[in-house]
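Visitor: I would like to learn how to read a structure feature by feature. Please show me the structure and take the features in turn.

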Amino acid sequence: SKYSSMPKSKREKKAKIVPYAKGFHPRSSDQSLEAIGCRVVPSPELLPTPDHFPAIPDPTSIDDWLAQYNETGQTFKQFLDDCPWLSRRKWKYMKQRFVPSGSNIREKYPDGVICLLPIGRFDDVTAPSSADLAEYVRLFFCLPVQVLPAVELRQEADTVVWIDKKGGDEEEPRPVRLQCRFDRASGSTQLTVHSILTQLKQSIPDNALCLIGFTMSDLYDTKPDLFVAGMASGNRRVGVFSFFRYNPTLTFSTEFWYEIHSSVTVADEAETKQIVLQRSCKLIVHEIAHLMGVDHCIWFSCCMNGSGHIAEDFKQPMFLCPVDLHKLQTLCGFDVVSRYQGMLSFFVKHKMTEEAKWLQRRIAFITSTQRAHTPK
């Protein structure tokens with residue numbers, strides 16, 4: 001997942017020099033260039049210009065991702081060797097049409113779609129809309145996306161019931177009681193990720209490349225956790241993720257999962273909604289990319305970097321570095337500039353100014369470099 005379980009911790013202390021996790025060494029520029037997987041100089045779309053793709057920052061907290069984990073990384077070649085979507089054999093559990101001779105996922109699984117499942121209630125003030133999330137996922141992967149009918153979560157005393165109405169109004173849905181924990185004093189509830197993953201495994205449509213459940217309910221994995229952002233079951237192609245802690249108007253205790261307070265840190269509701277959408281878009285494509293076979297990135301600052309905590313997550317970029325862009329370009333078969341132009345329209349529409357400016361600079365660089373190298 002984007003970041004691991006967050007145990008109860010008082011580790012807020014900053015250190016002047018925070019070491020990397022034992023065994024981890026930052027990769028050199030030559031190693032990162034080689035990881036892109038181009039035999040000669042990368043094409044303009046994949047050139048790792050430092051102003052577009054800076055190095056991963058050194059840890060500044062003992063809770064940072066690379067201060068905790070010795071990640072080995074995944075080169076483009078390793079991705080090609082390991083990715084089951086590019087195999088000539090049909091993936092286990094897949095029930096849809098398969099074309100072994102296809103060169104990318106769209107050709108191998110021509111009926112496949114990324115399925116998104118809203119779980120529980122989404123308020124109009126802060127929650128991202130399913131349509132906006134689906135649009136961004138479609139633009140990011142250049143694959144078809146389908147939003148499934150929402151699952152109802154019904155609070156009954158100190159328990160939560162899952163009610164899936166996919167059979168239609170005429171068919172009585174079978175309620176399923178989810179595992180959860182409830183704090184009576186605050187009224188806060190957290191759901192276990194495993195009880196939701198169990199339901200998703202039973203609900204994945206035949207045409208799904210993967211099924212992503214998303215919710216505004218808070219999640220946890222094991223008892224010591226403060227929370228988890230979510231979890232995926234890669235071999236079953238399902239995942240569930242929560243946007244609950246992406247609301248900038250809330251502050252959360254670092255000791256007790258149920259201690260949540262309101263704070264005024266943004267100008268208005270529109271800005272709040274924009275921030276939650278931006279954070280949610282970054283999380284959902286990160287996790288779908290994992291289900292597509294892309295591991296955490298140790299080569300550049302990238303939206304596939306891991307996160308040790310939520311503040312680190314918020315600082316990371318929305319974009320794929322050249323290593324991971326090359327992976328998705330090969331897997332999904334898209335044109336990089338056309339994909340960037342679609343994403344630019346999305347960012348302009350939702351007033352994500354910094355992201356739009358980055359894309360404008362990157363598109364201008366690619367097109368000017370292509371023109372400079374085109375024989376006259």
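Guide: Start with a pocket, and keep in mind that this is a predicted model. The second largest pocket is lined by 24 residues. Nearest its centre lie Arg121, Met216, Ser217, Asp218 and Phe244.

Visitor: What volume does the second largest pocket have?

Guide: Its volume is about 460 Å³.

Visitor: Which elements give two or more residues to the lining of the second largest pocket?

Guide: They are strand E4 (151–156) and strand E8 (188–192). E8 gives the largest share of the lining, four residues. Sorted by class, the lining of this pocket has ten nonpolar, ten polar and four charged residues.

Visitor: Next, helices. How do I check the length of helix H5 (residues 130–141) against what its residues should span?

Guide: Use 1.5 Å a residue, counting one residue less than the helix has. The twelve residues of H5 should then span 16 Å, and because its end C-alpha atoms are 16 Å apart, the two values agree.

Visitor: Which residues of H5 are buried?

Guide: Buried here means under 20% relative accessible area. In H5 the buried residues are Asp132, Leu133, Ala134, Tyr136, Val137, Leu139, Phe140 and Phe141.

Visitor: What do the buried residues of H5 pack against?

Guide: The partners are both strands and helices. The strands are E2 (113–119), E3 (145–147) and E9 (208–215). The helices are H7 (269–291), H9 (322–332) and H10 (336–349).

Visitor: How many of the residues of H9 are buried?

Guide: Nine of its eleven residues are buried, so H9 is mostly covered. The buried residues are Pro322, Val323, Asp324, Leu325, His326, Lys327, Leu328, Leu331 and Cys332. Their cover includes H5 and H10, together with helix H1 (29–35), helix H3 (76–82) and helix H4 (105–108).

Visitor: Now backbone angles. What sign does phi have in most residues other than glycine?

Guide: Most residues other than glycine have a negative phi. Exceptions are therefore a useful thing to look for. Cysteine 142, which follows H5, has a positive phi of about 55° although it is not a glycine. Cysteine 142 lies in the loop between H5 and E3 and is partly exposed, at 23% relative accessibility.

Visitor: Where does arginine 237 lie, and is arginine 237 buried or exposed?

Guide: Arginine 237 is in the loop between strand E12 (230–233) and strand E13 (238–242). Arginine 237 is buried, its relative accessible area being 3%. Its phi is near 65°, again a positive value in a residue other than glycine.

Visitor: What residue comes just after H9, and what is its phi?

Guide: Glycine 333 comes just after H9, with a positive phi of about 75°.

Visitor: Turn to cysteines. How many disulfides are there?

Guide: A disulfide needs two cysteine sulfur atoms within 2.5 Å. By this rule the count is zero.

Visitor: Why does cysteine 302 have no bond to the closest cysteine sulfur?

Guide: The closest cysteine sulfur, in cysteine 321, is 3.9 Å from the sulfur of cysteine 302, which is too far for a bond. Cysteine 302 is buried, with a relative accessible area of 0%. For cysteine 115 the closest cysteine sulfur is in cysteine 210, at 7.7 Å, also too far for a bond. Cysteine 115 is likewise buried, at 0% relative accessibility.

Visitor: Last, single residues and their contacts. What does threonine 126 touch?

Guide: Leave aside neighbours within four places in sequence. Threonine 126 is then in contact with Met216, Asn247, Thr272, Lys273 and Val276. Threonine 126 is found in the loop between E2 and H5, and at 11% relative accessibility threonine 126 counts as buried.

Visitor: Which residues does valine 337 touch?

Guide: Not counting residues up to four places away in sequence, valine 337 touches Ile363 and Ile366. Valine 337 is in helix H10 and is buried, with a relative accessible area of 12%. From valine 337 to glutamine 155 the C-alpha distance is 46 Å, and the two are 182 residues apart in sequence.

Visitor: Is glutamine 370 buried or partly exposed?

Guide: Glutamine 370, in helix H11 (residues 353–372), is partly exposed, with a relative accessible area of 30%. On the same count of contacts, not taking residues up to four places away in sequence, glutamine 370 touches Pro44 and Glu45.

Methods. Residues are numbered from 1 along each chain as its sequence is written. This is a predicted model: local features need pLDDT of at least 70, side-chain atom pairs count only at pLDDT 80 or more; totals for chains, interfaces and linings use all residues. Side-chain values use heavy atoms; hydrogens and water are left out. Buried means under 20% relative accessible area, exposed over 50%, partly exposed in between (1.4 Å probe, protein chains only). On a 1 Å grid over the protein atoms alone, a cavity is a set of points where a 1.4 Å probe fits but cannot get out, and a pocket is an open set with protein on both sides within 12 Å along at least five of seven lines; lining residues have an atom within 4 Å of a point. Grid points are joined across faces, edges and corners, and a volume is the space filled by probe spheres set on the points. Ala, Val, Leu, Ile, Met, Phe, Trp, Tyr, Cys and Pro count as nonpolar, Asp, Glu, Lys and Arg as charged, and the others, Gly among them, as polar. Contact means heavy atoms within 4.5 Å.
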